[in-house]
Amino acid sequence: MKYKEFKKKLQDYPYFTTAIFRLIGASEKTLYNQVNKWVKAKDVVRLKKGLFTLNDGDRKTGLSKKLISNVLYSPSYVSLESALSYYDMIPEAVFQVTGVSTKKTQRFSNDYGEFVYRSIKKNLFFGFQVVKDEYGYDCLVALPEKALLDYFYFNV
């Protein structure tokens, strides 16, 4: 498959996984190899293993860091300094996106930045809401009070 044809099929989506290869109809292995070549050519951006997006110029929709954070590691919600900054509760600029998850602590780095996840007990995994990002996609972000609670939980 040529990149132009691939781009036409996926340009309306903010991201895609390798599961889409079956739906496109080409050989999964062949398409995976082509995607890896397109990653090297900077046509496709790897967010993590098996999760990709078209480059910003070829995608018709935007891709926010909040949405990336939610899809990189699930279940998770944006919290701590990232949420506090979102609500203008701290004056500092926040350069990495910090999320909270019931899974183990994890860190991802890609072309869009650093994404850090802190592990929390399942009974403390609450207090988040669905907000629309700047492109209209639903993202999970801690409520202001919960972001403070999470901050104290991890830092005190």
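This report walks through a predicted model, from its overall layout to a few residues worth a look.

**The overall picture**

The protein has six helices and nine strands. Taken along the principal axes, its C-alpha atoms fill a box of roughly 55 × 25 × 25 Å. There are 156 residues in the protein, and 43% of them are buried. As for how the chain folds back on itself, take the contacts between residues at least 6 apart in sequence: 56% of these join residues at least 24 apart.

**Helix H6 and its two sides**

Helix H6 covers residues 144-155, which makes 12 residues. From first C-alpha to last it reaches 16 Å, close to the 16 Å expected at 1.5 Å a residue. Which residues of H6 are buried? They are Lys146, Ala147, Asp150 and Phe154. Looking down the axis of H6, you find these buried residues within an arc of 105°, so they line one face of the helix. The general background is simple: an α-helix has 3.6 residues a turn, so residues three or four places apart point the same way.

What do the buried residues of H6 pack against? The list is a mixed one: helix H5 (80-86), plus strands E4 (76-78), E5 (97-101), E7 (113-119) and E9 (138-142). On the face of H6 turned away from its buried side, you'll see the exposed residues Glu145 and Leu149.

**Ser82, a buried serine in H5**

Helix H5, one of the packing partners of H6, is also home to Ser82. With a relative accessibility of 12%, Ser82 falls under the 20% cut-off and so counts as buried. Its side chain has backbone partners: a polar atom of it lies 3.2 Å from the backbone oxygen of Gln96, and the side chain also reaches the backbone nitrogen of Thr98 at 2.8 Å.

Setting aside neighbours within four places in sequence, Ser82 is in contact with Val94, Gln96, Val97 and Thr98. Ser82 and Thr98 are 16 residues apart along the chain, yet their C-alpha atoms are separated by 5.7 Å.

**The largest pocket**

Ser82 turns up again in the lining of the largest pocket, which holds about 180 Å³ of space. Alongside Ser82, the lining is made up of Ser64, Lys65, Lys66, Val78, Ser85, Tyr86, Val94, Phe95, Gln96, Val97 and Glu134. Two elements give two or more residues to that lining: helix H4 (65-72) and H5. Which element provides the largest share? That would be H5, with three residues.

**Asn70, a buried asparagine in H4**

Helix H4 carries Asn70. At 11% relative accessibility, Asn70 counts as buried. A polar atom of the Asn70 side chain sits 2.6 Å from the backbone nitrogen of Leu140. Apart from neighbours within four places in sequence, the contacts of Asn70 are Ser76, Tyr77, Val78, Cys139 and Leu140. Val78 is also among the residues that line the largest pocket.

Here are the side-chain to backbone pairs from the two buried residues, side by side.

| Side chain | Backbone atom | Distance |
|---|---|---|
| Ser82 | oxygen of Gln96 | 3.2 Å |
| Ser82 | nitrogen of Thr98 | 2.8 Å |
| Asn70 | nitrogen of Leu140 | 2.6 Å |

**Backbone oddities in the loops**

Three loops deserve a quick check. Where is the cis peptide bond? It joins Ser74 and Pro75, with omega at about 5°. Pro75 has its place in the loop between H4 and E4.

Next come two positive phi values. Lys42 is not a glycine, but its phi is positive at about 70°. You'll find Lys42 in the loop between helix H3 (28-40) and strand E2 (44-48). Is Lys42 buried or exposed? Its relative accessibility is 59%, so Lys42 counts as exposed.

Asp88 is another residue other than glycine with a positive phi, near 55°. Asp88 belongs to the loop between H5 and E5. At 69% relative accessibility, Asp88 counts as exposed.

Methods
Residues are numbered from 1 along each chain as its sequence is written. This is a predicted model: local features need pLDDT of at least 70, side-chain atom pairs count only at pLDDT 80 or more; totals for chains, interfaces and linings use all residues. Side-chain values use heavy atoms; hydrogens and water are left out. Helices (H or I, at least four residues) and strands (E, at least two) are DSSP runs, numbered from the N terminus. The expected span of a helix is 1.5 Å times one less than its number of residues. Buried means under 20% relative accessible area, exposed over 50%, partly exposed in between (1.4 Å probe, protein chains only). The arc is that of the directions from the helix axis to the C-beta atoms. Contact means heavy atoms within 4.5 Å. A polar contact is a pair of N or O atoms within 3.5 Å; within protein, one must be able to donate a hydrogen and the other to accept it, and residues adjacent in sequence count only if both atoms are side-chain atoms. On a 1 Å grid over the protein atoms alone, a cavity is a set of points where a 1.4 Å probe fits but cannot get out, and a pocket is an open set with protein on both sides within 12 Å along at least five of seven lines; lining residues have an atom within 4 Å of a point. Grid points are joined across faces, edges and corners, and a volume is the space filled by probe spheres set on the points.
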